[in-house]
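Trainee: Could you take me through a close look at one part of this model, the disulfide and its setting? I would like one connected answer, please.

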Amino acid sequence: MFEKFNLMPSKFAVIFSLVLVPAISMATDYIEGKDIPAELRPFILPNTKLLSYEVADLNGDDKPDYVFILEKQKKHPDDDPIDHGQRPLNIAIRQADGKLKLVKTNDKVVFCSGCGGVFGDPFSDLTAGKKTFSVSHYGGSNWRWANTYQFNYSKKDDTWQLVKVSESSFMAFEPDKVKEKIFTPPKHFGKIDIADFDPEKFKGVGAR
C-alpha cells in the first residue's frame, strides 16, 4: 500500500458534534524536515511549509505519485495574513526514470488558514486513491458548513477533473438538521481541470 500522511487532523468526523475540537498542528516537525520523504523535499519552496501530502497511483500507471499541499509563510511576523493563494495544492507524477515531475498546481482549492470563521483553520483532510483525490473543509460558528471537492483522473485528457462537490451546513444547536447539496457533471458543470478549479466559480463552468 502507498503511504498516507496528513499533517492536520480531520475535523469533518465531528461535523455532527456540538463540541469544537481545536485543530492540532504538527507543522513544527515538518518545518524541521522530519518525516518528509526525501524526494518530496525539493518541491517545498522557500517560505513555505508542507501542510499535508498523500501517496497514491494518481494516473493509473501503477507507480506511486504525490498530491501535496504547501502553505506560504509570512516573511515577517507583522506582515498581513496571506488570504489568497496561501495553500497551493500540487500534483507530482512518477516518470519512467523514477523521478517525480510537478504537473499540476491549484492555489484556490484549499482554503486559507483564516477562512474558517470562529472555528479556525477550515482545512480538514486530503485523501487520495488510485486515479482520485479529494480535499475537505469544515468551519463556521453557530452556523457550521463543510465541503468536499473530488477530482478523478481522465486518461483521455491526461489530467484530473472535478467529478463531485459536496456541500453541507447546519446550525450548531440543531446538528440533526443537516442540509446537503451534491453537484456532479454534466448537470451542474462540465470538464474542469484541477488547475482551473475555483470553489467560487464552478457551477455552469466547463465544456460538456
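**The disulfide and its surroundings**

Mentor: Happy to. In this predicted model, Cys-112 and Cys-115 are joined by a disulfide, with an S to S distance of 2.0 Å. A search of the whole structure finds one disulfide, and that makes this pair a good place to begin. The torsion about the S-S bond of Cys-112 and Cys-115 is about 95 degrees, so the disulfide is right-handed.

The two cysteines can be told apart by their exposure. Cys-112 has a relative accessibility of 4% and counts as buried, because the cut-off for that class is under 20%. Cys-115 stands at 35%, so it counts as partly exposed, the class between the buried cut-off and the exposed one of over 50%.

Now step along the sequence to Phe-111. This residue is one of the 18 that line the largest pocket, and it is among those nearest the pocket's centre, together with Lys-108, Asp-198, Pro-199 and Glu-200. The volume of this pocket is about 430 Å³. By class, its lining holds eight charged, six nonpolar and four polar residues.

Phe-111 also appears in the lining of the second largest pocket, where its companions are Trp-143, Trp-145, Ala-146, Glu-167, Ser-168, Ser-169, Lys-179, Glu-180 and Lys-181. Here the volume is about 170 Å³, and the lining has four nonpolar, four charged and two polar residues. Three strands each supply at least two residues of this lining: S8 (143–154), S9 (159–171) and S10 (179–183). As background to both pockets, rolling a probe the size of a water molecule over the atoms shows where empty space is left.

From S10 you can carry on to the segment after it, which is where Pro-186 is placed. The peptide bond from Pro-185 to Pro-186 is cis, with omega near 0 degrees. Most peptide bonds are trans, and most residues other than glycine have a negative phi. With the second half of that in mind, two further residues are worth a look. Lys-131 has a phi near 65 degrees, a positive value in a residue other than glycine. Its place is the loop between strand S6 (123–129) and strand S7 (132–140), and at 37% relative accessibility Lys-131 counts as partly exposed. Asp-62 also has a positive phi, near 65 degrees, and is likewise not a glycine. Asp-62 sits in the loop between strand S2 (48–56) and strand S3 (65–72). With a relative accessible area of 60%, Asp-62 is exposed, because the cut-off for that class is over 50%.

To finish, let us set all this in the whole chain. The chain has ten strands and one helix, and from the N terminus the order is β-α-β-β-β-β-β-β-β-β-β. Of its 208 residues, 45% are buried, and Cys-112 belongs to that class. Among contacts with a separation of 6 or more, 47% are between residues 24 or more positions apart. The chain exposes about 11,200 Å², and carbon and sulfur atoms supply 54% of that area.

Notes: Residues are numbered from 1 along each chain as its sequence is written. This is a predicted model: local features need pLDDT of at least 70, side-chain atom pairs count only at pLDDT 80 or more; totals for chains, interfaces and linings use all residues. Side-chain values use heavy atoms; hydrogens and water are left out. Helices (H or I, at least four residues) and strands (E, at least two) are DSSP runs, numbered from the N terminus. Buried means under 20% relative accessible area, exposed over 50%, partly exposed in between (1.4 Å probe, protein chains only). Contact means heavy atoms within 4.5 Å. Accessible areas come from the Shrake-Rupley method with a 1.4 Å probe; for residues, only the protein chains shown count as cover. A disulfide is a pair of cysteine sulfur atoms within 2.5 Å. On a 1 Å grid over the protein atoms alone, a cavity is a set of points where a 1.4 Å probe fits but cannot get out, and a pocket is an open set with protein on both sides within 12 Å along at least five of seven lines; lining residues have an atom within 4 Å of a point. Grid points are joined across faces, edges and corners, and a volume is the space filled by probe spheres set on the points. Ala, Val, Leu, Ile, Met, Phe, Trp, Tyr, Cys and Pro count as nonpolar, Asp, Glu, Lys and Arg as charged, and the others, Gly among them, as polar.
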